[in-house]
Amino acid sequence: MRVNFRAANAVKRLRVLKVGLTSHITFVLVTLTCAAAVLFCGFAWLASVKVDDFYLRRQADFVAQGLEEQIQALPREQESVTKWDDAFLYAKQRNHEWLLENIGQWTSRYFGHDRTYIFDDANRLMFAFRDGVDAMPPRLGSDDGAQMAALANEMRAALVDGAAKPGAEPLGQLARVRTIMIGNRPAIASARPMLPSSTRMQIQAGQEFIAVSVKFIDGKVAENISHYARLEGLRFTLSEGPDERAQVPVSLHDGGMIGYLVWQPIRPGFMLLQQIAPAGLGCLVLLIAAVFWLGRGLHRTSLTLLDSQAELTHHRNHLEEMVADRTAEIERQREELDRLLVHERQVNALQRQFVAMASHEFRTPLAIIDAAAQRLCRSTTNVSGEYVHEKAGVIRSAVVRMVDLMESILASGRLETGQIILKRSEGDLKALLVTCCDRQRELSPSHVFHLDLQPFPDRLTFDRGAMEQVFTNLISNAVKYSPNAPDIYIRARVDEKMVQIAIADSGIGMDADDLPKLFQPYYRARSATGIAGTGIGLNVVKHVVELHGGTVEVTSELGKGTTFTISLPIESLLSDQQVAA
């Protein structure tokens, strides 16, 4: 009995020791959990403060950039009406109705100019348009009269000095922009001389009419800056706002301060803390309770530790299997990342190739336009109408080429972002095809277009602009890639279910290996080396035809020509529903 009593005491002491050890471990775990929670909260608060500071600095930078952009934009907006033959002539004629409609109302409606004044060659006010109202007789406002007259005089003096000094700023670029106070409102004022846009008319320096435009910063300018900076509640105040980080000073042109642009600051860090704080506190309480419960469970687990050894061994083996599986998964992910990296490099190479081709494509028509314009400028006398018509045709052809390239680039961008929407309407598909051929015939008089078109149904619904781009692209490609084969064959066949349009040439053709990749973005056949092109058009053709429910096929043989065949189902062309890419 004594032995049993001692054994029982030993077991009791062992249990007491385990209970004490378990309580100590539980206390340590709860303490460490609380400390970790405090550290986590501190780091979260510090991170939110840093994020808010950074974001507020970015907001201020955007507002400052927006204000500077608005200041620089005013003289550029003025240039559209001051550097213009018609404006120059009608201002000299003092045609008030024309100036009201084409300068006063136009700058107010499209540019948001609050006030527009025109001073004649004697610095007398001859036209005034203030706050959307024509001022008749012309007169300056009581709040801005002195400043507008001073700005016009400053512009006049700059014009006279510029004419007297060699190497002065060109008249077409001469402008005076000032940030001023009109009454209690901040404003941007700009003065520019009214000049002819062509060399047919000349004017003596200092005799120009001067246009002055005013935009109030607390009006349309503040709205534009707010839209540019993606901020709400942006406004102008004469005094500082409640948060000095959410304001940008507005200065006069001579360095004086006139007020501040303030806005309701956006603090993403603080907003995030507000949203997660209740949930975080709840999780902290649950975590402490869970740790305490786990500590209590540790006591029970310690009593069965030996019995759990076999289970732990089993779990160890299972863990090794999981590690092996995870290692295999990581290896698979690494291989996938390597594959994606190779793909990304290929895409980057295609983009660099496209940029190089697009740059060349834009440079060529610009060089043609510049050369034709220079010849016209040098031929100021004894120029026949036929010569001018010929050079104008060259310029128009180059402009059409640039517009077509830009349309292809925009269409490719809309395809990549999924923003192409077909706008169907009833039309004559056959007439559209003939129009595209006639237009190309004017641009390529050396080629002969052989049309073999069956009668089309009278009422077909399709996107005229998109299909015009498809036909123009294929026909122009047939011309471009058959420089020594002038015959272009265009055939159209119609049956009960399908409209088929085939465009064939006898040009340079392509290898069979190039055909499967031909409709990929930026891809060009090897036989097209040395011929201008971007590799965009056929990709756009394929997507537009597929959006109409059709297909496009190509057959080609190197040195013997190429044939593109478009198949459009009649059922799709008789539907008027809109289709989005």
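In what order do the strands of the open sheet of five strands run, and what kind of pairing do they show? In this predicted model, the order is β12-β14-β15-β17-β16, and the pairing is mixed. Let us start there and work through the neighbouring elements.

At the edges of this sheet sit β12 and β16 (551-557), each of which pairs on one side only. Neighbouring strands of the sheet are turned against each other by 10 degrees on average, with direction ignored.

Where does the parallel part of the mixture show up? Strand β12 (residues 448-453) and strand β14 (residues 487-494) pair in the parallel sense, and six bridges link them. If you would like a place to look, find Leu-451, whose bridge partner in β14 is Ile-490.

On to the next pair in the order. Strand β14 runs antiparallel to strand β15 (residues 498-505), and seven bridges join them. These two strands form a hairpin, with three residues between them. Two bridges make good landmarks here: Ala-492 has Ile-501 in β15 as its bridge partner, while Val-494 is partnered in β15 by Val-499. As a reminder for reading both kinds of pairing, strands of a sheet pair through backbone hydrogen bonds, either parallel or antiparallel. It also helps to keep in mind that side chains in a regular strand alternate between the two faces of the sheet.

Now for some helices. Helix α9 (residues 429-443) packs with helix α10 (residues 464-480) at an angle of about 40 degrees, and their axes are 9 Å apart. Why is this pair called oblique rather than roughly parallel? Angles under 35 degrees count as roughly parallel and 65 to 115 as roughly perpendicular, so α9 is oblique to α10. Their crossing is right-handed.

Helix α10 has another packing partner, helix α11 (residues 537-547). Here the angle is about 140 degrees, and the axes are again 9 Å apart. Roughly antiparallel begins over 145 degrees, so α10 is oblique to α11 too. The crossing of α10 and α11, however, is left-handed. Following α10 from one partner to the other therefore takes you from a right-handed crossing with α9 to a left-handed one with α11, with an oblique arrangement in each case.

There is another sheet to visit. This open sheet has six strands in the order β3-β2-β1-β6-β5-β4, with antiparallel pairing. Its edge strands are β3 (133-134) and β4 (176-182), each pairing on one side only. The partner of β4 is strand β5 (residues 185-194), and the two are joined in the antiparallel sense over seven bridges. Within that pair, Val-177 has Ser-190 in β5 as its bridge partner.

Strand β6 of this sheet leads us to the last stop, a cavity. Rolling a probe the size of a water molecule over the atoms shows where empty space is left. How many cavities of 30 Å³ or more are there? The count comes to one, and the largest cavity holds about 40 Å³ of space. Its lining consists of Gln-78, Val-81, Ile-103, Thr-107, His-113, Thr-116, Ala-211 and Ser-213. The elements that give two or more residues to this lining are α1 (2-82), α3 (96-111) and β6 (209-216). By class, three of the lining residues are nonpolar and five are polar, with no charged residues.

Key
Residues are numbered from 1 along each chain as its sequence is written. This is a predicted model: local features need pLDDT of at least 70, side-chain atom pairs count only at pLDDT 80 or more; totals for chains, interfaces and linings use all residues. Side-chain values use heavy atoms; hydrogens and water are left out. On a 1 Å grid over the protein atoms alone, a cavity is a set of points where a 1.4 Å probe fits but cannot get out, and a pocket is an open set with protein on both sides within 12 Å along at least five of seven lines; lining residues have an atom within 4 Å of a point. Grid points are joined across faces, edges and corners, and a volume is the space filled by probe spheres set on the points. Helices (H or I, at least four residues) and strands (E, at least two) are DSSP runs, numbered from the N terminus. Ala, Val, Leu, Ile, Met, Phe, Trp, Tyr, Cys and Pro count as nonpolar, Asp, Glu, Lys and Arg as charged, and the others, Gly among them, as polar. Two strands pair if DSSP finds at least two bridges between them. Axes are lines fitted to C-alpha atoms, for helices over the stretch in contact, and angles run from 0 to 180 degrees between N-to-C directions. A crossing is left-handed if the near helix is turned anticlockwise from the far one by less than a right angle, and right-handed if clockwise.
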